[in-house]
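Please look over the following structure with attention to its strands and helices, its side-chain pairing, its pockets and the confidence of the prediction. The report below takes these topics in turn.

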Amino acid sequence: MMKQCAFFFSLVFFFFHFPATLAQPSQAPAPSGPTNITQILEKAGQYTILIRLMKSTQVADQINTQLNNSNQGLTVFAPTDNAFSTLKAGTLNSLTDQQKVQLIQFHVVPNFLSISQFQTVSNPLRTQAGNSNNGEFPLNVTTSGNQVNVSTGVVDATVANTVYTDNQLAVYQVDKVLLPLDIFATPSPAEAPAPAKSKKKASADAADSPSSDDASLDSSDAVSLMRRAMGVSFGVAVIVAFCL
């Protein structure tokens, strides 16, 4: 009887102790680190080229520093790898290092914009690339219903979806690379030079106009004739006088 009681109490202890031990909550995950734009894009996928350019131009470091050391928000337009693949072959390689920096900065607006704020935003938007004057780095946003369109003066892109937002950073996927006017504007054609005067006409003009030599000869001939006329007149006068 005593053995049975001991066995019973052992079972009760087992069932009440071990379930409580297994049910203990797991350790809470460590707090997320500082905001990192490249990690956000890597997690989203399909942004390999943009990530590479952000790192090589150090724009990624600028974004991360600004987000984690100030209260100023940012908005990033993120072209996918497919968007970059539509560029003309050699486009990126033809850019200088400074132009690559400006190209990536042109995709960054130095304040947080939600989708709804695009409906009331003032154009042109100023980007981190610099001056938004026409012909430089203007970026214009228009909306049609729920669709957001972005125009640079070179290309027209559409916001496809929201990649990330936390009320400080907003990342929006765009279907085209945003090409700024300052770098990609088509140069105006050079003014055509004035037509050259034809040699034939110049020769004809030269033939029509008397040369200085001809003019000299004409004047010399006239003087000679005058002298001869005077000589003849003098001779006639002398003969007449003798006859008288």
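## Strand β6 and V174

In this predicted model, V174 is placed in strand β6, which covers residues 169–174. V174 has a relative accessible area of 0% and therefore counts as buried, the cut-off for that class being under 20%.

The surroundings of V174 come from distant as well as neighbouring numbers in the chain: leaving aside residues up to four places away in sequence, V174 touches F77, A78, P79, T80 and A83, and also T158 and V159. A160 can be added to this picture through its C-alpha atom, which is 5.6 Å from that of V174, although 14 residues separate the two in sequence.

## The salt bridge between E42 and K55

How many salt bridges does a search of the whole structure find? The search finds one, and it is formed by the side chains of E42 and K55, with a distance of 3.7 Å from N to O. Because E42 belongs to helix α2 and K55 to helix α3 (residues 48–56), the pair ties together parts that are 13 residues apart in sequence. As a general matter, side chains of opposite charge can pair when their charged atoms come close.

Neither partner reaches the cut-off of over 50% for an exposed residue, and neither is under the 20% that would make it buried, so E42, with a relative accessible area of 45%, is partly exposed, and K55, at 48%, is likewise partly exposed.

## The largest pocket

Helix α2, spanning residues 37–44, also takes part in the largest pocket, giving the most to its lining with four residues. The volume of this pocket is about 200 Å³.

Ten residues line the largest pocket, and those nearest its centre are N36, Q39, I40, K43 and Y164. By residue class, the lining is made up of five polar residues, four nonpolar residues and one charged residue.

## Confidence along the chain

The protein chain has a mean pLDDT of 77, with 63% of its residues at 70 or more. Over residues 210–219, however, the pLDDT is below 50, and this stretch has zero contacts in the model beyond near neighbours in sequence.

A further stretch, residues 234–244, has pLDDT under 50 throughout, and for these residues too the model has zero contacts beyond four places in sequence. Where pLDDT is low, the predicted coordinates should not be read in detail.

How values were computed. Residues numbered from 1 in each chain as written. Predicted model: local features only at pLDDT ≥ 70, side-chain atom pairs only at ≥ 80, totals over all residues. Heavy atoms only, no water. 1 Å grid on protein atoms, 1.4 Å probe; cavity = no way out; pocket = protein on both sides within 12 Å on 5 of 7 lines; lining within 4 Å. Points joined across faces, edges and corners; volume = space filled by probe spheres on them. Helix = DSSP H or I, 4+ residues; strand = E, 2+ residues; numbered from the N terminus. Nonpolar A, V, L, I, M, F, W, Y, C, P; charged D, E, K, R; others polar. Buried < 20%, exposed > 50% of the residue type's maximum accessible area, 1.4 Å probe, protein only. Contact = heavy atoms within 4.5 Å. Salt bridge = Lys/Arg side-chain N within 4 Å of Asp/Glu carboxyl O. pLDDT = per-residue confidence, 0-100.
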